[in-house]
Protein chains: 2
Amino acid sequence: METKTATPWLTPEQQRVWRSFLGGTTVLMDRLDRDLRATHGLSVPEYEILVRLSEAPGRSIRMAELAAAVAHSRSRVTHTIARLERENIVVRGQCSEDGRGVSAVLTDHGFSVLEAAAHTHVQGVHDYLIENADAADFVAMGRVMQNVVEALHGKNF
Amino acid sequence: METKTATPWLTPEQQRVWRSFLGGTTVLMDRLDRDLRATHGLSVPEYEILVRLSEAPGRSIRMAELAAAVAHSRSRVTHTIARLERENIVVRGQCSEDGRGVSAVLTDHGFSVLEAAAHTHVQGVHDYLIENADAADFVAMGRVMQNVVEALHGKNF
DNA sequence: GTCATGTAGTTGATCGTTCAACTAGACAGT
DNA sequence: ACTGTCTAGTTGAACGATCAACTACATGAC
């Protein structure tokens, strides 16, 4: 039996950090998204999906794995892939060995779209984020977010 | 006349950090949002708006200032405030001294909703983020994101 | 075999965000 | 006063994400 723990309030310092985090991610993601849309008609989530596909053997990943890799719901991935398929950037393929399985495959055209988009995206990450971060601070942030991913892993949806 | 600078590619380390960042924010925001919705029917963006209002003199801020404070478009704030007004959490007031001005005002009911929601939200930030971060890493992340906010300030929309 | 249960993926409705177009008041120049 | 330009805020359509309900295949118990 335990005593109910009181809500641990945030210190002013923690509050400042949290607000910077929230404001920073909002403005950063917004900017990266706009750049990518303007130059290549892709959103950041779409781009992330294409990156995973491009790295996979056969440039092909099953829907559920893809969903897990980018931390989106299965439904969301279905819709996103449907959109990308309309633009001939990916195609769907039946999965052997599991009758239910469907895998998304990056087309050659999709790959070249991705290659072009990568320049814009990487430039953005560099200019907006890395350029504004002390190298040690940057890897510190990486550690934190990696821990968050691991701690929350599987606990969503 | 300048030579075109080549795209500065990311080092493997930088790539890892960036992916952790992307995955971590996705999963963290998703979780905070779910918690808040489930317990108090508020989204994180809505919550952030209420926080700003609660801190302002007269619990009241003009639409454009509110938009700037939370880094949302004016249109988005209009829609969000409209939704919150339907639930009697805020009301709109005409602004004296500027005939165009409209200010959002937090109601007493809104304030108590916010108070309740704050417990859930702060607990979440604590458990999912702060708890998973070394103290020094946490403030390092704050520095980085603060820089990002300042660097990108005003350069969006 | 067949029945129950679990997993993969899709679907359509609903909701929140974005975008472009719009109204209306402010403000400066003449 | 009059005109042009700027800022504040709103509107409705289009788009993307979420949610609940559904189909279909897999798996294990009997």
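In the predicted model, 24 residues surround DNA strand D, and those that come nearest are A:S75, A:G99, B:M63, B:A64 and B:T78. Both protein chains supply secondary-structure elements to this surface: α4 of chain A, together with α3 (63-70) and α4 of chain B, each give two or more residues. The greatest contribution is that of α4(A), with five residues. By character, the residues of the surface near DNA strand D comprise five nonpolar, 11 polar and eight charged.

The surroundings of DNA strand C were examined in the same terms. Around this strand there are 24 residues, of which A:M63, A:A64, A:T78, B:S75 and B:G99 come nearest. Two or more residues are given to the surface near DNA strand C by each of α3 (63-70) and α4 (74-86) of chain A and by α4 (74-86) of chain B. Here α4(B) gives the most, with five residues. The division by residue character is five nonpolar, 11 polar and eight charged.

Two of the elements named above, α3(A) and α4(A), also pack against each other. Their axes come within 9 Å and cross at roughly 105°. Angles of 65 to 115 degrees count as roughly perpendicular, and α3(A) and α4(A) are therefore roughly perpendicular to each other. On the side of α3(A), the contact is formed by A:M63, A:A64, A:L66 and A:A67, and on the side of α4(A) by A:R74, A:V77 and A:T78. Five of the residues in this contact are nonpolar, one is polar and one is charged. Among the contact residues, A:M63, A:A64 and A:T78 are also listed with those that come nearest to DNA strand C.

Helix α3(A) additionally lies across β1 and β3 of chain A, and runs at about 90° to β1(A). These strands belong to an open sheet of three strands in chain A, ordered β1-β3-β2 and paired in the antiparallel sense. The edge positions are held by β1 (60-62) and β2 (90-94) of chain A, each of which pairs on one side only. On average, neighbouring strands of the sheet are turned by 30° against each other, direction ignored. Strand β2(A) is joined to β3 (residues 102-106) of chain A by five bridges, and the two strands run antiparallel. Within this pairing, A:V90 has A:L106 in β3(A) as its bridge partner.

In chain B, three strands likewise form an open sheet, with antiparallel pairing and the order β1-β3-β2. The edge strands of this sheet are β1 and β2 of chain B, which each pair on one side only. The average turn between neighbouring strands, direction ignored, is 30°. Helix α2 (residues 44-55) of chain B packs on the sheet, where it touches β1, β2 and β3 of chain B; the direction of the helix makes about 90° with that of β3(B). Strand β1 (residues 60-62) of chain B pairs with β3 (residues 102-106) of chain B over three bridges, in the antiparallel sense. In that pairing, B:I61 is placed opposite B:A104 of β3(B). Strand β2 (residues 90-94) of chain B pairs with β3(B) over five bridges, again in the antiparallel sense. One of the residues involved is B:G93, whose bridge partner in β3(B) is B:S103.

The association of the two protein chains was then considered. In the interface, 47 residues of chain B are in contact with 48 residues of chain A. On the side of chain B that touches chain A, the elements giving two or more residues are α1 (12-40), α5 (108-129) and α6 (135-152) of chain B. This side of chain B divides into 26 nonpolar, 15 polar and six charged residues.

Two copies of a chain are related by a rotation about an axis and a shift along it. Superposition of chain B on chain A gives an RMSD of 0.0 Å, with a turn of 180° and a shift of 0.0 Å along the axis. The two copies are thus related as by a two-fold rotation axis. In chain B, the C-alpha nearest this axis belongs to B:M141, at 2.5 Å from the axis. The same surface serves both copies, as 100% of the contact residues of chain B recur in chain A.

Terms used
Residues numbered from 1 in each chain as written. Chains lettered and ligands numbered in written order. Predicted model: local features only at pLDDT ≥ 70, side-chain atom pairs only at ≥ 80, totals over all residues. Pairing = 2+ DSSP bridges. Helix = DSSP H or I, 4+ residues; strand = E, 2+ residues; numbered from the N terminus. Least-squares fit on C-alpha atoms with pLDDT ≥ 70 in both. Contact = placed C-beta atoms within 7 Å. Near = placed C-beta within 6 Å. Nonpolar A, V, L, I, M, F, W, Y, C, P; charged D, E, K, R; others polar. Axes fitted to C-alpha atoms, helices over the stretch in contact; angles between N-to-C directions. Parallel < 35°, antiparallel > 145°, perpendicular 65-115°, else oblique.
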